[in-house]
Amino acid sequence: MSAAGETFDLDQMIIRNAEAAAAHVKAARTAISSVIFGQEAVVDRALITILAGGHALLVGVPGLAKTKLVETMGTVLGLDARRVQFTPDLMPSDILGAEVLEESAGGRRAFRFIKGPIFAQLLMADEINRASPRTQSALLQAMQEYHVTVAGERHDLPKPFHVLATQNPLEQEGTYPLPEAQLDRFLMEIDVDYPDRDAERRILFETTSAEEQKARAAMSVDDLIAAQRLVRRLPVGESVVEAILTLVRSARPGAEGPEQRYIAWGPGPRASQALMLAVRARALLDGRYAPSLDDVVALAEPVLKHRMALTFAARAEGESINHIIRRLTERLG
């Protein structure tokens, strides 16, 4: 077979796989939306994070269904989901696991590793900023390396492995803000806002009736892994690549433009990688087989804002990171 014929067959295979994956992802989105109301953007961004193989930080006040979202996603995507409520006295071993000394019936003693809740495919780290820096770093390190080391022994985490952490912006007394240098471990920071009036009306009826809507599985683990592999194979046009590079590089100190005087530090190459994967995942979520410039603009804010910091002068003038990012995306044309 000629090289042209092999390329054609490969393209056809990618299209067939993309059609199947898009159907699974669409079914998952519908299943989640039947339980979570008024948070369409949050659901989409959480799904994009999972499809891109990353982790997300959900920021919002209590009572906005952040916990329910993670539980629902675990059921719909066929993942083993667990939840850990972070508190100041939580120790790294409470998350990672620990070795215990056991004695057999014959009197022989040996250490046995008892896995912690981190050995799940989808982990909800609830109010992560309430745990000590030591516990936070243990989780963040595992998120980056996909394994834990206890007593010198390496233990691989299950595949896929995703963390959806929540952070409450209220009651900051006694909390431990996540290290800015380690926020880069999260593919996105997703703001969870209040639902609109119509959505809240639906919530009232759906959640207080005799029969509450339950989540149902729409994908299997194998379906999800296949979709994640496909995301990395979707073609990206040169114009989209240039837009990602231009946007990320313009968000750094020293770049040309009026916004740079407000930026104390900006995103590194990992932000470009995250945006490249996220725009591909968004395209697949919408049933498209290649991302567009609109995907870059739509995902710039959640991908970049936790990877940037403003100068004191910017804060004094009332500037915000969100406003800076919006102005940078407007310059993409």
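Where in the chain does Glu127 sit? Glu127 falls in the loop that runs between strand 5 (122-126) and helix 5 (133-145). Keep in mind that this is a predicted model. We'll come back to that loop after a quick look at the whole chain.

**The chain overall**

The protein chain has 12 helices and 11 strands. A compact globule of 333 residues would have a radius of gyration near 20 Å, and the protein chain comes in at 22 Å, so the two agree. Along the principal axes, the C-alpha atoms take up a box of roughly 75 × 65 × 50 Å. Buried residues make up 46% of the 333 in the protein chain.

How much of the contact network is long-range in sequence? Take the contacts in the protein chain between residues at least 6 apart in sequence: 77% of them link residues at least 24 apart. On the outside, the protein chain exposes about 16800 Å², with carbon and sulfur atoms supplying 51% of that area. As for charge, there are 38 positive and 44 negative side chains in the protein chain, and the centres of the two sets are 2 Å apart.

**Backbone oddities**

Most residues other than glycine have a negative phi, and most peptide bonds are trans. A few spots here go the other way.

Glu127 is not a glycine, yet its phi is positive, at about 55°. Its side chain makes a polar contact with the side chain of Arg130, at 2.9 Å. Setting aside neighbours within four places in sequence, Glu127 is also in contact with Gln85, Phe86, Thr166 and Asn168.

Tyr146 is another non-glycine with a positive phi, this one about 60°. Tyr146 belongs to the loop between helix 5 and strand 6. Is Tyr146 buried or partly exposed? Tyr146 counts as partly exposed because its relative accessibility is 33%, and the buried class needs a value under 20%.

Then there's Pro160. The peptide bond from Lys159 to Pro160 is cis, with omega near -10°. Pro160 lies in the loop between strand 7 (153-156) and strand 8 (162-167).

**Around His147**

His147 is in strand 6 (residues 147-150). With a relative accessible area of 14%, His147 is buried. What lies 3.1 Å from a polar atom of the side chain of His147? That is the backbone oxygen of Glu145. Not counting residues up to four places away in sequence, His147 touches Ala142, Arg154, His155, Asp156 and Leu157.

**Three buried helix residues**

Next come three residues that sit in helices. Ala300 is part of helix 10 (residues 293-304), Ile324 is in helix 12 (residues 321-330), and Val240 is in helix 8 (residues 238-250). Why does Val240 count as buried? Its relative accessibility is 4%, and anything under 20% is classed as buried. Ala300 also counts as buried, at 0% relative accessibility, and Ile324 is buried at 0% too.

Here is how each of them pairs up with a residue elsewhere in the chain:

| Residue | Partner | Separation in sequence | C-alpha to C-alpha distance |
|---|---|---|---|
| Ala300 | Ala271 | 29 residues | 9.6 Å |
| Ile324 | Pro258 | 66 residues | 9.9 Å |
| Val240 | Met91 | 149 residues | 44 Å |

Which residues do these three touch once neighbours within four places in sequence are left aside? Ala300 is in contact with Leu247, Leu275, Lys305, Ile325 and Thr329. For Ile324, the contacts are Glu259, Tyr262, Ile263, Met308, Leu310 and Glu319. Val240 is in contact with Pro291, Ser292, Leu293 and Val296.

**Pulling it together**

If you're browsing the structure, the stretch around helix 5 is a handy place to begin. Glu127, with its positive phi of about 55°, is in the loop between strand 5 and helix 5. Tyr146, with its positive phi of about 60°, is in the loop between helix 5 and strand 6, and the buried His147 has its place in strand 6. From there, you can move on to Pro160 and its cis peptide bond from Lys159, in the loop between strands 7 and 8.

Methods: Residues are numbered from 1 along each chain as its sequence is written. This is a predicted model: local features need pLDDT of at least 70, side-chain atom pairs count only at pLDDT 80 or more; totals for chains, interfaces and linings use all residues. Side-chain values use heavy atoms; hydrogens and water are left out. Helices (H or I, at least four residues) and strands (E, at least two) are DSSP runs, numbered from the N terminus. The radius of gyration is taken over C-alpha atoms; the globule rule is 2.2 Å times the number of residues to the power 0.38. Buried means under 20% relative accessible area, exposed over 50%, partly exposed in between (1.4 Å probe, protein chains only). Contact means heavy atoms within 4.5 Å. Accessible areas come from the Shrake-Rupley method with a 1.4 Å probe; for residues, only the protein chains shown count as cover. Lys and Arg count as positive and Asp and Glu as negative; His and the chain ends are not counted. The place of a charge is taken as NZ of Lys, CZ of Arg, CG of Asp or CD of Glu. A polar contact is a pair of N or O atoms within 3.5 Å; within protein, one must be able to donate a hydrogen and the other to accept it, and residues adjacent in sequence count only if both atoms are side-chain atoms.
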